[in-house]
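Visitor: I'm new to this one. Can you walk me through it?
Guide: Sure. Take a look first, then ask away.

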Amino acid sequence: MTSEQILIGSGLTLVLAVASQLLAARLRVPAIIVLLPVGFAAGALTDDVHPDRLLGPAFSPLVSLAVAVILYDAGLGLDLRELTGHARHTVVRLVWVGTLLTAPAAAFAAAPLLGVSGKAAAMLGAILVVSGPTVVGPLLDFVRPTERVRRVLLWEGSLIDAVGGILGALVFHALVSEEHRRLGAGLLEFAASVGLGLLGGLLGAALLWLLLVRARLNEVLGTSAQLAVVVGVAAVCDALRDDTGLIAAIVLGVVVATVPAFDPPARRIFLETLVPLIVGVLFVSISSTVTWSSVRPVLLPVLGLVAVLAVVVRPVVAALSTAGTDLAEGERAFLGWMAPRGIVAASTAATFSTGLAAAGVGGAEKILPATFLVIVFTVTLYGLSAVPVARLLRVTRPARSRPLLVGGEPWTVELAAVLRSAGLDVLLWAGRDEQRARISAAGLELADGELLAAASGEGAEREGVTAVYLLTAEDEFNALAAAVLHEVSELPVFRLPATAPGPGAVGGPPTATVLPAALTGPELARRHAAGARILRRPADGELPPGHDLLFTLDRAGHLHPATPHGTPPRRDRVTERIVLGPP
């Protein structure tokens, strides 16, 4: 290709990836539903968006490194301290039971349905083992299932991606090798690959500890260091053994998320921007290599294969994996109805199908289009059905507000207790040890880590936070935190009014409104110490003298702060008022 074609192809790939994600956000659908058809259409309508032509032999290694960055980012959201008891047993079983059942079942179904050889069917079965956080995470954001179900599915998707990648590499080498590998030798190869990935991830974590904790790199250098370590470790591991970089990346992310020394969390805003961009570019690039002529013959057979995977294989895997656990029936059933395929399946198929075709394996040319269609069909199936199925099985979180109260003053703890008594699920965050001890002693839920991790991005999504209330006694902290959260979070942010007028640490209040002007932090603390109490009052009638309105609660369970600006909810919809009463 000429340099002009390479420039146009690279630029068009990036533009299509970002435009697809913007369109998906507007349509409120998972981005992959838009990315795959857009990439497929781009490959059919132009000769420029073809990664094998743009990058040549470098495409496959670059895909592996890009997937490693994706899995590292996914690992940063997986804290081992949160995976305990029956949830941990379920995840472990889903990974190994899912691998042992899905691979042969998919292979046996694919051979007659697609009309491929046993070798091609075995390769396709190994590819379709994986799921992946890039598709499971966005779907769960729409569904909003219970925290335990969400945690199990995210852990399964991240771990089985690494296991499936190694399994695919081992199956590929076994198929193209002239020697017949025995089961024992294959298991040893698999164990060696897992061991290398674990070692690489631990060494990478030690290096990141030196850079992030000991050297205390700033925001920009810390992000660059993470990216360099992940790519470097994955590259070395993959060079030694195929696809071991995937395990190293996920191990590295989990260690950074779990080890307290890395607190506050090492996740940076740049990674939250980079990873969706990588996902978009990969999906557009890989789907552009699939042609209509290759898809048309396998269209109906793949529908049958998806039916086998979704209706038979996945429910059996989920039933065996959850047997004997304390998961509710609805949670078990929902786990049996959530197994979309994602970027690792696409990248593995793109990597290995060409090599099998070159080796003369019958039907190898059908692996990539079949995998492409399985991804499209499973994402569409689960994307359209997950929400109604979750509601039917009663595994969704309630639509009621979940406020994050920032501060640990006695009146804040009492406010949280009153809101909880009104039926709200309240989360608190405090920076001082004595405040955190006060919150824990009251039996209230305390957010771990730094404030930004709990109030923005995946942390807020994982916790189900709907609004942030900055209620500390430090005016400057409240103002500064409001300004920062306004930039990095989509949640509404409210703060106490300043004790003294003036710009202070920031130029003025951001678009977030403040609570009633007379109720500053010191005033609330003084009145509470003098005997004032936070109370629940019915919505009808006027408030008695000496009572100050703080919040109203409507029929849907939504919390509305009593702000000097903004439109209050209609009085006929308000069911309860939260007030500060006199001593």
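Visitor: Let's start with the whole chain. What share of the residues count as buried?
Guide: Of the 583 residues in the protein, 51% count as buried. Keep in mind that this is a predicted model.

Visitor: And the outside? How much area does the protein expose?
Guide: The protein exposes about 25,300 Å². Carbon and sulfur atoms supply 64% of that area.

Visitor: How many helices and strands are there?
Guide: The protein has 23 helices and nine strands.

Visitor: What about contacts along the chain? What part comes from residues 24 or more positions apart?
Guide: Such pairs make up 75% of the contacts with a separation of 6 or more.

Visitor: Switching to sheets. What is the order of strands in the open sheet of four?
Guide: The order is 6-9-7-8, and the pairing is antiparallel.

Visitor: Which ones are the edge strands?
Guide: Strand 6 (533-538) and strand 8 (559-561). Each of them pairs on one side only.

Visitor: How are neighbouring strands turned against each other?
Guide: By 25° on average in this sheet, direction ignored.

Visitor: Back to strand 8. How many bridges join it to strand 7?
Guide: Three bridges, with strand 7 covering residues 548-554. The two strands run antiparallel.

Visitor: Which residue in strand 8 does Thr 552 stand opposite?
Guide: That's His 560.

Visitor: Which helix packs on the sheet?
Guide: Helix 18, residues 410-421. Helix 18 touches strand 6, strand 7, strand 8 and strand 9 (574-581).

Visitor: What angle does its direction make with that of strand 6?
Guide: The direction of helix 18 makes about 25° with that of strand 6.

Key: Residues numbered from 1 in each chain as written. Predicted model: local features only at pLDDT ≥ 70, side-chain atom pairs only at ≥ 80, totals over all residues. Heavy atoms only, no water. Buried < 20%, exposed > 50% of the residue type's maximum accessible area, 1.4 Å probe, protein only. Contact = heavy atoms within 4.5 Å. Areas by Shrake-Rupley, 256 points an atom, 1.4 Å probe, with all protein chains shown as cover. Pairing = 2+ DSSP bridges. Axes fitted to C-alpha atoms, helices over the stretch in contact; angles between N-to-C directions.
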